[in-house]
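Trainee: Could you take me closely through one part of this structure, the aromatic rings and what lies around them?

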Amino acid sequence: MTDLAPEAYAQSDYFQREKRSLFAREWLCFGAAGQLAAAGDFVNHTLGGWPVFAVRGADGAVRGFRNICRHQGMPVLDKPTGQCSEIRCRFHGWTYDLSGRLIKAPDQYPPPQPMEQIGLDAFELVEGDGLLFGRLEPGTADRPTPVALGAGRYEAAVTTDVDANWKSVVSSLLAEPARLFVWPNVFMFDRGEVRVARQIVPRTFSRTRLIDLLFTSGAAPAIAAIESEAQADKKKAEALQAQLAAGAPGPDAPQCREFRRRVEADCAAADAATT
Ligand code: FES
């Protein structure tokens with residue numbers, strides 16, 4: 001296989017291609033269903049580089065929306081997590097209910113059509129094994145890959161920001177095969193009685209967030225140990241990023257080669273389907 005070019009780890013053009021051809025079409029892990037325990041709970045972050053959020057509705061269903069106000073395209077939510085009874089855009093006050101419908105607009109900013117015809121842009125969000133999976137483009141990948149999370153309850157999330165392209169992060173974790181990789185953005189591993197689902201969240205072409213979702217049916221997780229492990233992984237990923245961006249070949253382990261092959265093959269297939 002021809003290896004990915006150094007630019008694939010450092011240039012925004014490649015990231016835009018991956019957003020369009022890979023992330024928009026795959027089921028991506030969004031978070032834990034337990035993060036949205038009650039009506040009005042929301043989680044706001046990115047899915048494959050796009051700003052999105054999920055909120056539990058008054059009917060108990062979890063829905064996903066692009067974090068874009070239908071008035072002038074500003075973000076409707078700014079906090080990463082929280083609780084709300086309605087979703088009010090802070091810019092001009094357009095307000096949506098928990099199912100995304102526009103329900104209020106100030107007189108000075110009237111909607112251009114009847115309010116009931118306006119709603120936030122939704123994307124598909126499903127629950128599987130205690131995790132939430134989102135897909136931005138309908139009708140592409142079949143369904144989320146099962147992750148076999150087990151019966152543990154959601155306890156906490158540990159977030160770590162990494163200055164590296166998402167492929168460097170995945171490659172550095174794959175180079176140590178002690179964790180199970182679930183294509184394309186989850187690693188599963190156990191630490192004592194705690195099962196960790198680690199989301200790899202691409203934010204920009206050079207920034208990636210690790211979100212360790214911790215589940216347990218026994219003792220409370222040792223958060224400090226999980227944080228310390230994530231910090232060590234961050235350093236490894238950033239070191240690999242520097243090497244790859246400078247033109248070094250990717251890690252030679254078979255699982256790393258297969259990962260790079262699949263990234264390129266999936267992007268090429270999507271490119272071919274759209275030309
Ligand atoms: S952009 Fe949201 S109310 Fe104007």
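**Aromatic rings and their neighbours**

Mentor: In this predicted model, Arg 179 lies over the face of Phe 189, at 4.9 Å from the ring centre. A second charge placed over a ring is that of Lys 19, which lies over the face of Trp 50 at 4.7 Å from the ring centre.

Turning from charges to rings that pair with one another, the count comes to eight aromatic pairs. One of them joins Phe 181 and Phe 187, whose centres are 4.8 Å apart with 35 degrees between the planes, and this pair is tilted. The two partners differ in their surroundings: Phe 181 has 21% relative accessibility and therefore counts as partly exposed, a class that begins where the buried one, under 20%, ends, whereas Phe 187 is buried, with a relative accessible area of 0%.

Phe 181 also pairs with Phe 259, and because their planes stand at 85 degrees, with the ring centres 6.0 Å apart, this pair is edge-to-face. Phe 181 belongs to strand 12 (residues 180-182) and Phe 259 to helix 4 (residues 254-274), so the pair ties together parts that lie 78 residues apart in sequence. Phe 259 itself, at 3% relative accessibility, counts as buried.

These contacts belong to a wider arrangement, since ring pairs link Phe 181, Phe 187 and Phe 259 with Phe 15, Phe 23, Trp 166 and Trp 183 into a cluster.

Notes. Residues are numbered from 1 along each chain as its sequence is written. This is a predicted model: local features need pLDDT of at least 70, side-chain atom pairs count only at pLDDT 80 or more; totals for chains, interfaces and linings use all residues. Side-chain values use heavy atoms; hydrogens and water are left out. Rings of Phe, Tyr and Trp (its six-membered ring) pair if their centres lie within 6.5 Å; planes under 30 degrees apart count as stacked, over 60 as edge-to-face and the rest as tilted. Buried means under 20% relative accessible area, exposed over 50%, partly exposed in between (1.4 Å probe, protein chains only). Helices (H or I, at least four residues) and strands (E, at least two) are DSSP runs, numbered from the N terminus. A charge sits over a ring if NZ of Lys or CZ of Arg is within 6 Å of the ring centre and within 35 degrees of the ring normal.
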